[in-house]
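Let us take a friendly walk through a protein chain, from its sheets to its cores and its aromatic rings. Keep the structure in view as you read.

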Amino acid sequence: MNTNFSRLIGVFALAALVQSAHAELKWEQTSVDLRPAFNDKQAVAHFKYENVGNTPIHFKSVHASCGCTTAQTQNEQVAPGQKGEITATFNIGGRTGTQVKTVTVQTDDPEPSTIVLTLKAVITPLLEFQPTLVYWQNGEEPKPKIITAKANKDAAIKKLDVASSAPDFTAKVDAGSAPNEFRISVQPRDTTKAVYATLTIKPDSPANTGNMFAAAARVMPPAPTNKSTLSTIRHDPAAPTPTAGSPRQ
C-alpha cells in the first residue's frame with residue numbers, strides 16, 4: 001500500500017514538474033514604425049525579446065518577406081531569463097511612401113511557435129508634385145497652369161530648374177505660398193494642335209545626388225466628329241418626306 005501510494009505521489013510530482021517546465025518568449029513589441037530621413041539608405045528595426053519561461057527556446061528559422069529586407073537574431077538558443085533581439089534591415093533604394101515589411105520567426109516555443117514581426121517605414125520623397133500633369137483642351141485659351149512642388153523640409157532646396165522636352169511649352173518657377181514650396185507655371189504657345197511634353201525638374205540641393213523628377217504638359221487633340229452619326233440624322237429613312245404644298249418642319 002505504501003509502495004503504491006509512493007508511486008502515485010511520484011506520478012503527480014512528475015506531472016507537476018512537466019507542467020511547470022515551459023518555455024515562453026515574450027516580445028517587447030512586434031511592430032515598429034520608422035521615419036527615416038530622405039537621404040538614409042537603410043531603415044533598421046530592433047525587435048527585443050526575453051525568455052520568461054524556465055526552459056530554453058530555440059529559433060528554427062527567421063525569414064524576411066522580400067529581398068530588400070534582411071533579418072538576423074543574436075542567438076540560436078535563448079536560455080531562461082535571457083534577453084536578445086532580432087534586427088530587421090530594410091534597404092530603401094529609390095522607394096518612397098509607406099513601406100511595410102515583415103519577418104516571420106519560427107521557434108520551438110509551443111504557443112505560439114510562429115510570430116510575425118512588422119517593420120513599417122514612412123519615407124518622405126525629396127519632392128512631391130500636385131498635379132503631375134497639366135493639360136489644355138484643343139482651342140482653349142493658352143493661359144498658364146500651375147504645378148505645385150513641395151520639398152522635403154530637410155533637403156534645403158533653394159531653387160528648381162525646369163526644362164521642357166518640346167519648345168511648344170514654357171515653364172518658370174516662383175516661390176510658393178508655404179515654406180519649402182515652389183510654383184511651376186507652365187504655358188503652351190498655342191492650343192490649335194495636339195502636343196505633349198515632359199518637364200524635367202532638377203532641384204538645387206546639397207543633399208541631392210543628381211536625382212531629377214518629371215511632370216508632363218499636354219494640349220489635347222480636337223474632339224472627333226462622328227460623320228456617320230450626322231449622316232444618319234440627315235438621311236433618317238423614318239423621317240417623313242416633304243411633298244409639294246406640305247409645310248416644312
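Two strands count as paired if DSSP finds at least two bridges between them. With that in mind, look at strand E2 (residues 31-34). E2 is joined to strand E9 (residues 114-123) by 4 bridges, and these two strands run parallel. Within this pairing, Ser-31 stands opposite Thr-118 in E9. E2 also has two faces: Val-32 and Leu-34 make up the covered one, while Ser-31 and Asp-33 make up the uncovered one. That fits a general pattern: in a regular strand the side chains alternate between the two faces of the sheet.

Please remember that this is a predicted model.

**The chain as a whole**

The protein chain holds 2 helices and 17 strands. Of its 249 residues, 29% count as buried. The chain exposes about 16000 Å², and carbon and sulfur atoms supply 52% of that area. Now consider contacts between residues at least 6 apart in sequence: 64% of them join residues at least 24 apart.

**Two open sheets**

In what order do the strands of the antiparallel open sheet of 4 strands stand? The order is E1-E3-E7-E5. Strand E1 (25-27) and E5 are at the edges with a single partner strand each, so one side of each has no neighbour in the sheet. From one strand to the next, the twist in this sheet averages 25°. E1 and strand E3 (residues 42-51) are paired in the antiparallel sense over 3 bridges. One place to find this pairing is Leu-25, whose bridge partner in E3 is Asn-51.

The edge strand E5 covers residues 69-73, and Thr-69 belongs to it. Is Thr-69 buried or exposed? Thr-69 is buried, because its relative accessible area is 5%, and buried means under 20%. Leaving aside neighbours within four places in sequence, Thr-69 is in contact with Ala-64, Thr-89, Phe-90 and Lys-101.

Another open sheet has 4 strands in the order E11-E17-E16-E13, and its pairing is mixed. Its edge strands are E11 and strand E13 (159-164), each of which pairs on one side only. Here the twist averages 20° from one strand to the next. Inside this sheet, E16 and E17 run antiparallel and are joined by 7 bridges. Leu-199, for example, has Ala-215 in E17 as its bridge partner.

**Two nonpolar cores**

In soluble globular proteins, nonpolar side chains tend to be buried together. In this model, the largest nonpolar core has 24 residues. Those with the most contacts inside it are Ile-147, Ile-157, Leu-160, Phe-169, Ile-184 and Val-186. Several strands each supply at least two residues of this core, among them strand E10 (127-130), strand E12 (145-151) and strand E15 (181-188). The largest share, 4 residues, comes from E16.

Which residues does Ile-157 touch, not counting residues up to four places away in sequence? They are Leu-126, Leu-127, Ala-151, Phe-182, Pro-203, Asp-204 and Ser-205. Apart from the largest core lies another one of 22 residues, including Val-32, Ala-45, Ile-57 and Phe-90.

**Aromatic rings**

A pair of aromatic rings is described by the distance of the centres and the angle of the planes. The chain has 4 aromatic pairs. Here are two of them.

| Pair | Centre to centre | Angle between planes | Arrangement |
|---|---|---|---|
| Phe-129 and Phe-213 | 6.0 Å | 55° | tilted |
| Trp-136 and Phe-169 | 5.9 Å | 40° | tilted |

What do these pairs link? Phe-129 lies in strand E10 and Phe-213 in strand E17, so their pair ties together parts that are 84 residues apart in sequence. Trp-136 lies in strand E11 and Phe-169 in strand E14 (residues 169-175), so this pair ties together parts that are 33 residues apart in sequence.

You can also check how covered some of these rings are. Phe-129 counts as buried at 14% relative accessibility. Trp-136 is buried, with a relative accessible area of 0%. Phe-169 is buried too, with a value of 4%. Finally, look for the aromatic cluster formed by Trp-27, Tyr-49 and Phe-59.

Technical notes:
Residues numbered from 1 in each chain as written. Predicted model: local features only at pLDDT ≥ 70, side-chain atom pairs only at ≥ 80, totals over all residues. Heavy atoms only, no water. Core = buried A, V, L, I, M, F, W, Y, C linked by side-chain atoms within 4.5 Å. Buried < 20%, exposed > 50% of the residue type's maximum accessible area, 1.4 Å probe, protein only. Contact = heavy atoms within 4.5 Å. Areas by Shrake-Rupley, 256 points an atom, 1.4 Å probe, with all protein chains shown as cover. Axes fitted to C-alpha atoms, helices over the stretch in contact; angles between N-to-C directions. Phe/Tyr/Trp six-rings, centres within 6.5 Å; stacked < 30°, edge-to-face > 60°.
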